[in-house]
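I opened this structure today to go through it for the record. My notes follow in the order in which I looked things up.

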Amino acid sequence: QLTPSSFLRIGQLSNVDLNEDIHELETEVPRQRPNEIPHNEKLLSLKYESLDYDNSENQLFLEEERRINHAAFRTVEIKRWVICAMIGILTGLVACFIDIAVENLAGLKYRVVKDNIDKFTAKGGLSFSLLLWATLNASVVMVGSLIVAFIEPVAAGSGIPQIKCYLNGVKIPHVVRLKTLVIKVCGVILSVVGGLAVGKEGPMIHSGSVIAAGISQGRSTSLKRDFKIFEYFRRDTEKRDFVSAGAAAGVSAAFGAPVGGVLFSLEEGASFWNQFLTWRIFFASMISTFTLNSVLSVYHGNAWDLSSPGLINFGRFDSEKMGYTIQEIPIFIFMGVVGGILGALFNALNYWLTMFRIRYIHRPCLQVVEAMLVAAVTATVGFVMIYCSRDCQPIQGSSVAYPLQLFCADGEYNSMATAFFNTPEKSVVNLFHDPPGSYNPMTLGMFTLMYFFLACWTYGLTVSAGVFIPSLLIGAAWGRLFGISLSYLTKGSIWADPGKYALMGAAAQLGGIVRMTLSLTVIMMEATGNVTYGFPIMLVLMTAKIVGDYFVEGLYDMHIQLQSVPFLHWEAPVTSHSLTAREVMSTPVTCLRRIERVGTVVDILSDTSSNHNGFPVVESNPDTTQVAGLRGLILRSQLIVLLKHKVFVERANLSLVQRRLKLKDFRDAYPRFPPIQSIHVSQDERECMIDLSEFMNPSPYTVPQEASLPRVFKLFRALGLRHLVVVDNRNEVVGMVTRKDLARYRLGKEGLEELSLAQT
């Protein structure tokens with residue numbers, strides 16, 4: 001029912017570009033862009049490949065490992081630590097750059113608008129100030145959206161779903177490129193300065209991952225430079241471990257929470273975990289938060305006082321003034337329930353909005369227009385709310401950066417303006433720490449309502465921006481409102497401090513939207529610098545997660561599902577024991593013989609309909625009595641390198657003895673192996689034979705065809721496989737299990753569902 005042309009543009013809509021060779025396609029097919037793209041969330045996309053987490057233990061690999069002595073092994077280990085330190089330092093510096101740029105640009109914008117408003121309040125004509133504010137916002141966001149939509153669509157959003165997929169083992173095109181990093185950083189600065197309801201914390205995680213992937217490979221394809229260092233790490237296994245360190249360093253730079261960063265990598269990302277890795281990741285996180293701290297301290301002029309560990313600093317919560325008592329625990333649990341319900345509402349609204357965007361707003365120009373519209377609307381809403389608010393507070397003793405007087409008496413400022421007329425990070429800190437009585441309940445209620453819809457509309461725009469801070473801000477506003485109403489009810493008793501409830505509300509709202517438990521508890525504890533709140537924060541987050549999961553899944557998982565990524569969760573679906581490997585596997589399998597004609601190999605690789613990446617190698621005896629048993633597994637990328645270097649049997653027999661291929665030749669081609677079309681094989685060469693014995697992996701993982709789905713799933717997920725060969729009792733290949741075969745099965749409302757596969 002779906003024509004191929006309607007799928008042509010689908011690469012742009014799901015924030016992930018199709019591979020590099022889309023440019024060849026585009027020239028042949030006339031540009032037909034449909035107005036509506038049919039999109040079905042019950043699909044799995046076939047355009048995502050898996051990462052090879054499993055090392056191919058062929059003869060070359062074993063020879064190299066035998067050659068490495070103890071000293072060489074130690075240098076490799078030292079290099080790993082050096083890379084982790086570099087990841088930490090660079091991530092911290094990028095965070096500093098973002099912070100300083102946002103502070104200066106946003107400060108400039110707010111000063112201009114404030115002077116303008118003060119001028120026009122005196123003599124009338126405030127509509128001009130509104131126009132100025134909206135135009136400034138829209139133009140800044142336009143630039144930020146243009147670079148994302150037209151240069152690198154992967155940089156849109158917070159990047160956490162993409163990094164989750166990468167660490168899960170899905171290769172998302174362009175996700176860890178240098179170009180993506182540059183666009184991401186510029187885009188974040190522009191969208192925060194442009195006054196959108198976004199934070200700069202989420203994208204730090206993506207930026208850290210890109211930095212990690214770049215450093216650990218020791219070269220950049222975007223810059224076409226190869227620095228000839230760290231060549232040993234050029235394979236998916238190592239790269240992916242470093243990317244999880246980068247993600248952790250990003251979290252710790254964003255929140256000043258190194259332990260939270262490690263736990264984030266553990267909870268959201270890494271599928272394979274060992275203790276050495278934990279220790280290295282923790283090291284990278286510590287270095288990153290320390291770098292940020294020292295640079296920002298120097299920038300703020302007090303070089304020896306390390307007081308800003310993260311991009312967002314919630315300020316210190318005093319445990320003496322703000323302890324909690326046992327009777328407040330039910331109140332906290334109730335707040336968790338509210339957070340879960342509001343979070344589920346947020347996610348459901350965002351789900352429908354994203355479906356609408358995928359179907360109708362799939363052209364880059366439309367995406368830019370939508371981003372500008374949101375920016376202008378955000379400014380207008382803020383202005384109207386400030387204009388209509390009659391909530392005046394005395395200026396002295398308050399720490400407002402840009403106090404707007406508007407219609408208040410002299411020496412007073414408009415307290416709605418502190419919420420809207422500020423970067424979201426500052427507003428969160430104000431809501432946590434302003435003394436009781438700084439906010440009118442009406443102000444807070446209106447602000448929560450408005451900001452909820454604005455933040456929901458903003459997430460998923462084509463700008464790079466995170467959802468962490470807006471969620472915290474919404475939660476802090478309704479939490480503070482809750483605290484104020486409690487103190488009304490209890491006649492202003494001492495324990496009902498609004499700041500404490502603002503913190504719990506923020507935790508509840510964020511937990512209800514993103515559904516992280518462990519890492520979020522630790523991040524909140526580290527960011528507030530207070531361990532006393534560990535237990536209530538944990539209770540609130542658990543309640544929010546349980547309540548939210550009852551309605552709809554978390555925001556990141558939802559976006560992964562909307563992009564049809566074959567994501568493998570921790571466990572197989574609960575009711576899937578009845579399925580066996582025979583029903584799950586893909587058949588028929590394209591096998592190669594151990595000594596195969598070159599022409600056959602080229603034809604198999606060029607066949608676009610199958611497009612397999614792993615081929616079982618079987619015994620090549622012409623004798624029919626012997627069973628064609630499984631001998632090994634060879635990857636497409638290895639075959640391509642063999643063809644490129646023309647490693648044929650006939651050439652070896654001739655006098656021109658070529659040098660033997662080394663692992664280095666395979667590493668140099670990683671990660672972008674040339675497509676088969678670019679390799680020229682002449683007619684004579686097609687008749688040659690190619691011997692795969694020393695390049696294939698002689699011991700691939702196999703399962704018998706009677707194995708149940710949970711068993712297959714466990715093996716596949718825990719070892720990070722890309723191909724799992726299914727054999728019968730005579731060791732003959734009967735099928736192949738790949739990521740898509742396992743990700744197809746999901747637990748739906750009615751039980752086990754099987755998703756269909758689509759080419760796009």
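**Surface patch**

I started with the nonpolar patch on the surface, where helix 4 (residues 70-123) supplies the largest share, three residues. The model I am reading is a predicted one. I listed the members of the patch as I89, L90, L93 and V295, with about 280 Å² of accessible area together. I then picked out L93, which is placed in helix 4. Its relative accessibility is 38%, so I put L93 down as partly exposed.

**Salt bridges**

I noted that side chains of opposite charge can pair when their charged atoms come close. How many salt bridges does the structure hold? I wrote down 27.

I stayed in helix 4 for one of them: the side chains of E77 and R80 form a salt bridge at 3.0 Å, N to O. E77 and R80 are about one helical turn apart, because three residues separate them in helix 4. Is R80 buried or exposed? I have R80 as buried, at 13% relative accessibility, while E77 is partly exposed at 26%. I also found E77 and R80 in a network of salt bridges with R235, E238 and R280.

Next I looked up R686 and D603, whose side chains meet in a salt bridge of 2.9 Å, N to O. R686 belongs to helix 27 (residues 683-686) and D603 to helix 23 (residues 598-606), so this pair ties together parts that are 83 residues apart in sequence. I recorded R686 as buried, with a relative accessible area of 17%, and D603 as partly exposed at 42%.

My last entry here is K664 with D668, a side-chain salt bridge of 2.8 Å, N to O. Both residues lie in helix 26 (residues 663-669), four residues apart, or about one turn of the helix. K664 is partly exposed at 40% relative accessibility, and D668 is partly exposed at 34%.

**A loop residue**

I found E619 in the loop between strand 10 (614-618) and strand 11 (630-635). E619 counts as buried, at 14% relative accessibility. Its side chain makes a polar contact of 2.7 Å with the side chain of R631.

**A sheet of three strands**

I traced an open sheet in the order 13-14-15, with mixed pairing. Which strands stand at the edges? They are strand 13 (702-704) and strand 15 (733-737); each has a single partner strand, so one side of each has no neighbour in the sheet. From one strand to the next, the twist averages 30°. Strand 13 pairs with strand 14 (residues 724-727) in the parallel sense, over three bridges. I closed with V703, whose bridge partner in strand 14 is V726.

Technical notes: Residues are numbered from 1 along each chain as its sequence is written. This is a predicted model: local features need pLDDT of at least 70, side-chain atom pairs count only at pLDDT 80 or more; totals for chains, interfaces and linings use all residues. Side-chain values use heavy atoms; hydrogens and water are left out. Patches are made of residues with over 30% relative accessible area and no salt bridge: like charges are joined within 9 Å, nonpolar side chains (Val, Leu, Ile, Met, Phe, Trp, Tyr) within 5 Å. Accessible areas come from the Shrake-Rupley method with a 1.4 Å probe; for residues, only the protein chains shown count as cover. A salt bridge is a side-chain nitrogen of Lys or Arg within 4 Å of a carboxyl oxygen of Asp or Glu. Helices (H or I, at least four residues) and strands (E, at least two) are DSSP runs, numbered from the N terminus. Buried means under 20% relative accessible area, exposed over 50%, partly exposed in between (1.4 Å probe, protein chains only). Two strands pair if DSSP finds at least two bridges between them. Axes are lines fitted to C-alpha atoms, for helices over the stretch in contact, and angles run from 0 to 180 degrees between N-to-C directions. A polar contact is a pair of N or O atoms within 3.5 Å; within protein, one must be able to donate a hydrogen and the other to accept it, and residues adjacent in sequence count only if both atoms are side-chain atoms.
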